[in-house]
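Student: I would like a close look at one part of this protein. Please take one buried charged side chain, show me its surroundings, and then place it in the rest of the chain.

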Amino acid sequence: MVWLKTQLFDYASSELTARKTQKNIQFFDDLLVLVKKALAAKSGNPLAKAIRQKYRAALVDEFQDTDNIQYEIFSRLFSTKESLLFMIGDPKQAIYGFRGADIFSYLKAAQHAQAKFTLPDNWRSEPALISAVNTIFSNVTDPFILKEIPFENAQPGKNEFSGSTRTKTSLTIWYLDSRAHAQLNKPITKTESLRLIGEAVADEICRIITTESEPWLPGDIAVLVRTNRQAQLVKGYLSARSVPAVLYSTGNVFDSHEAMELEKILLGISAPSNHQYIKAALAMDMLGARGEELFSAESDILQREYRLAAFHQYFQVWRRSGLMAMFRTLLTREKIRQRLLAFFDGERRLTNLLHLAEILHQESVKRNLGITGVLKWLAEQRNVESPRFEEHQLRLESDERAVKIVTIHKSKGLQYPVVFCPYGWESSFITGNEIIFHQQDKADGSQCLTLDLGSDSYDLNLIHAQNELLAENVRLLYVALTRAKSKCYLAWGRIKSADSSALAYLLHGSDCPKMDYRSEDLIAALNKHVRGKSDKERIDDLNQLADKSGGSIEVLALPRHAGRV
């Protein structure tokens, strides 16, 4: 089976290149590979010389998100004495491995750099919050696992507190005690933890925007999550408490409920004499026909003719004036905007619908699509196996006065006065038979990205892959904690499958046996070490951390939801 998979990879690689060439198709990655090959060829010097004559210096920002191909291109172009190459990046914030970014390429570049400069001053956060983050990441010897990524305590760019009296401490660690929430003193399940912590976040946000002497505004607050599912959970808890909240997620708009509804409605408009299509369209939330209305339409000829006439009119407008003209008529006549905004997630629904209409209009104009062509293209995009495009990602609702629910990957580079990090305890164990990791090249000692489909060294390689995953989880947590300006909340506890997480490592790893991530099973050792700690021992570790922080960290029991015992 492994042999068959490798043969498939070889075939797909050569065949894909051949077919792209045949159809004259080129993507961004193809361009990078071609430039690299051109520069590496014997005839590549004239190309490099021409570029160097035009650009004497290059400055590349966010260089921690580079990969080996990009680094090789820049180093070949600007490796002469007459050129300058500035690489600006923070390896502690290298979190885009899933997009092809390679932290080891950055480390290789840093190793060969002739000069290095560090910016130690933090101008974003309050001094006490900077102290709290310093305390957490100084709690273990190698907080980022990779010894090549050191942690240096940040210094506040501003020496004085901004003047707000809202909080006495800058970082609050909530502890979810299994003795209070679980039966037989067992770790709390992940599902139950998601719910308990999510409700605590929603309750605390209610409190700090309403009951404090100097309340925060909802727009000052962000909840940073790992997944879109977590974002939806938090949005639901906040909506149940009538707290305005908006999602900023990486989902695809064609996977939304509104895409399904719009397809049904457009199908009915495209065939205005088809009673079944029209009934299906009327049953959608956007049009809001109740069951008794649909039933009575079977016998009420006037009502049925009224509906048929409306769909015939939409069809004629679409055919005569285009998709967008029809959509505007539909939106106004059926009062879709008002109907959607009546739902608790109405702004999300309306944002998705308007986004879909914009995309369909653009495609219909660009491709000169008629009604049938638009429906066919929409059906293709709704197929989950179709290619996904950046411009089709879900958009953020426009209300700046609402709580922001953002994935950590999307939050990078942003800042918020108050940040909640409720789910920083994802496991670092890898499931599945295919793993990606970095293997040291025997020739030059560099770390090469490697895919293991089930080799004889699979068990050892799995250790490497899991250690790298823990390192990336720590970097994700660092990005999340450093988004806050004034106040940050963390949630932790005796949670099932969380003992190999980034939080487990940072909060309880100070007395864990020291291990080399390159050759030893750090994840298994960490998991065993933390799993053996009782709730009392875990809380003691947290209290010791708070003592080291000089009052910038407080440890509290996770607040209980008022509606539950």
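Tutor: What follows starts at one lysine and works outward to the whole chain.

The model is predicted. Start with Lys412. Lys412 sits in a loop, between helix H18 (408-411) and strand S9 (416-421). Is Lys412 buried or exposed? Its relative accessible area is 15%. The cut-off for buried is under 20%, so Lys412 counts as buried.

What does the side chain of Lys412 make a polar contact with? The partner is the side chain of Glu62, at 2.7 Å. Leaving aside residues up to four places away in sequence, Lys412 touches Glu62, Gln64, Asp65, Gln93, Ile95, Tyr96, Val479 and Arg483.

Now the other charged side chains. Side chains of opposite charge can pair when their charged atoms come close. How many salt bridges does the count come to? It comes to 25.

Take Asp30 and Lys20. Their side chains meet in a salt bridge, 3.0 Å from N to O. Asp30 belongs to helix H2 (residues 28-40) and Lys20 to helix H1 (residues 2-23), so this pair ties together parts that are ten residues apart in sequence. Lys20 is buried, with a relative accessible area of 17%.

Next, Asp90 and Lys92. These two form a salt bridge, with the closest N and O atoms 2.9 Å apart. Asp90 counts as buried at 18% relative accessibility. Lys92 counts as buried at 15%.

Then Lys487 and Glu554. In this salt bridge the closest N and O atoms are 3.7 Å apart. The pair links distant parts of the chain: Lys487 is in strand S12 (residues 484-493), Glu554 is in strand S13 (residues 553-557), and their positions lie 67 residues apart in sequence. Lys487 is buried, with a relative accessible area of 3%. Glu554 counts as partly exposed, at 25% relative accessibility.

Some charged residues form a network. Lys36, Glu72 and Arg76 are linked in this way by salt bridges.

Turn to the nonpolar side chains. In soluble globular proteins, nonpolar side chains tend to be buried together. Here the largest nonpolar core has 95 residues. Which residues have the most contacts inside it? They are Phe137, Ile205 and Phe420. Ile205 touches Ile221, Val223, Leu238, Val243, Val403 and Phe420, not counting residues up to four places away in sequence. Another core, of 40 residues, lies apart from the largest one. Val253, Leu282, Ile336 and Ile371 are among its members.

Leu360 is another nonpolar residue to inspect. Leu360 is placed in helix H16 (residues 346-366). At 2% relative accessibility, Leu360 counts as buried. Leu360 touches Leu262, Leu266, Leu323, Val374, Trp377 and Leu378, again not counting residues up to four places away in sequence. Leu360 and Leu375 are 15 residues apart in sequence; their C-alpha atoms are 9.3 Å apart in space.

Nonpolar side chains also appear at the surface. Phe9, Ile436, Leu449 and Leu451 make a nonpolar surface patch of about 420 Å². Within this patch, Leu449 is found in strand S11 (residues 447-452). Leu449 counts as exposed, at 58% relative accessibility.

One distance helps with scale. Ala40 lies in helix H2. Ala40 is partly exposed, with a relative accessible area of 43%. Ala40 and Leu129 are 89 residues apart in sequence and 48 Å apart in space, C-alpha to C-alpha.

Finally, the whole chain. Its secondary structure comes to 22 helices and 13 strands. Its C-alpha atoms fill a box of roughly 80 × 70 × 50 Å along the principal axes. Of its 565 residues, 46% are buried. Lys412 is buried. Among contacts between residues at least 6 apart in sequence, 77% join residues at least 24 apart. The accessible surface comes to about 29600 Å², and 53% of that belongs to carbon and sulfur atoms.

Back to the starting point. Lys412 is a buried lysine in a loop, with its side chain in polar contact with the side chain of Glu62.

Note on methods. Residues numbered from 1 in each chain as written. Heavy atoms only, no water. Helix = DSSP H or I, 4+ residues; strand = E, 2+ residues; numbered from the N terminus. Buried < 20%, exposed > 50% of the residue type's maximum accessible area, 1.4 Å probe, protein only. Polar contact = N/O pair within 3.5 Å; in protein donor to acceptor, adjacent residues only side chain to side chain. Contact = heavy atoms within 4.5 Å. Salt bridge = Lys/Arg side-chain N within 4 Å of Asp/Glu carboxyl O. Core = buried A, V, L, I, M, F, W, Y, C linked by side-chain atoms within 4.5 Å. Patch = residues over 30% accessible without salt bridge, like charges linked within 9 Å, V, L, I, M, F, W, Y side chains within 5 Å. Areas by Shrake-Rupley, 256 points an atom, 1.4 Å probe, with all protein chains shown as cover.
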